[in-house]
Amino acid sequence: PPTNINTRASVHLGDGPTITRIDLDVEAAVPGLDDAAFQEYAAEAKAKCPVSKALAAVAEIVLNARLVE
């Protein structure tokens, strides 16, 4: 299991205002997990996230996931 997960969301606003982009920055310490598997888990979590689904009209949601020690 992860020993630490930190997530930050940066929301970009356009005219209206409307949300034009969301950058998700995730850092996690997961002993025994390699980066390739971590990237797969992160992408799956983004795809299945209820908040991401609710914000489906947002033009771009960018995930930057980093595995840390």
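In this predicted model, Glu44 and Lys48 form a salt bridge, with their closest N and O atoms 2.8 Å apart. Both residues belong to helix 1, and because they sit four residues apart there, about one helical turn separates them. The two partners differ in how much they show to the outside: Glu44 is partly exposed, at a relative accessible area of 38%, whereas Lys48 reaches 55% and so counts as exposed, the cut-off being over 50%.

That pair is part of a total of five salt bridges. Arg21, for its part, turns up in two contacts. Its side chain meets that of Asp23 in a salt bridge, at 2.7 Å from N to O, and Arg21 also forms a salt bridge with Glu60, where the closest N and O atoms are 3.4 Å apart. Since Glu60 lies in strand 3 and Arg21 in strand 2, this second pair ties together parts that are 39 residues apart in sequence. Accessibility varies across the trio. Arg21 is partly exposed at 28%, and Glu60 is likewise partly exposed, at 37%. Asp23, at 13% relative accessibility, counts as buried because the limit for that class is under 20%. Through shared partners, the salt bridges join Arg21, Asp23 and Glu60 into one network.

Strand 2 also pairs with strand 1. The two run antiparallel, with eleven bridges between them; one of the matched pairs is Arg8 with Asp25, the latter in strand 2. The hairpin that these strands make has three residues between them, and here Gly16 takes a positive phi near 125 degrees. The backbone has another feature at this spot: the peptide bond from Gly16 to Pro17 is cis, with omega near -5 degrees. Pro17 itself is found in the loop between strand 1 and strand 2.

Then there is the largest pocket, which holds about 440 Å³ of space. It is lined by 22 residues, and those closest to its centre are Thr7, Leu24, Val26, Ala45 and Leu63. Two or more lining residues come from each of strand 1 (4-14), strand 2 (18-29), helix 1 (35-48), helix 2 (50-54) and strand 3 (60-68). Helix 1, home of the Glu44 and Lys48 pair, gives the largest share of this lining, with five residues. As for chemistry, the lining divides into 19 nonpolar residues, two polar ones and one charged.

Terms used:
Residues are numbered from 1 along each chain as its sequence is written. This is a predicted model: local features need pLDDT of at least 70, side-chain atom pairs count only at pLDDT 80 or more; totals for chains, interfaces and linings use all residues. Side-chain values use heavy atoms; hydrogens and water are left out. On a 1 Å grid over the protein atoms alone, a cavity is a set of points where a 1.4 Å probe fits but cannot get out, and a pocket is an open set with protein on both sides within 12 Å along at least five of seven lines; lining residues have an atom within 4 Å of a point. Grid points are joined across faces, edges and corners, and a volume is the space filled by probe spheres set on the points. Ala, Val, Leu, Ile, Met, Phe, Trp, Tyr, Cys and Pro count as nonpolar, Asp, Glu, Lys and Arg as charged, and the others, Gly among them, as polar. Two strands pair if DSSP finds at least two bridges between them. A salt bridge is a side-chain nitrogen of Lys or Arg within 4 Å of a carboxyl oxygen of Asp or Glu. Buried means under 20% relative accessible area, exposed over 50%, partly exposed in between (1.4 Å probe, protein chains only).
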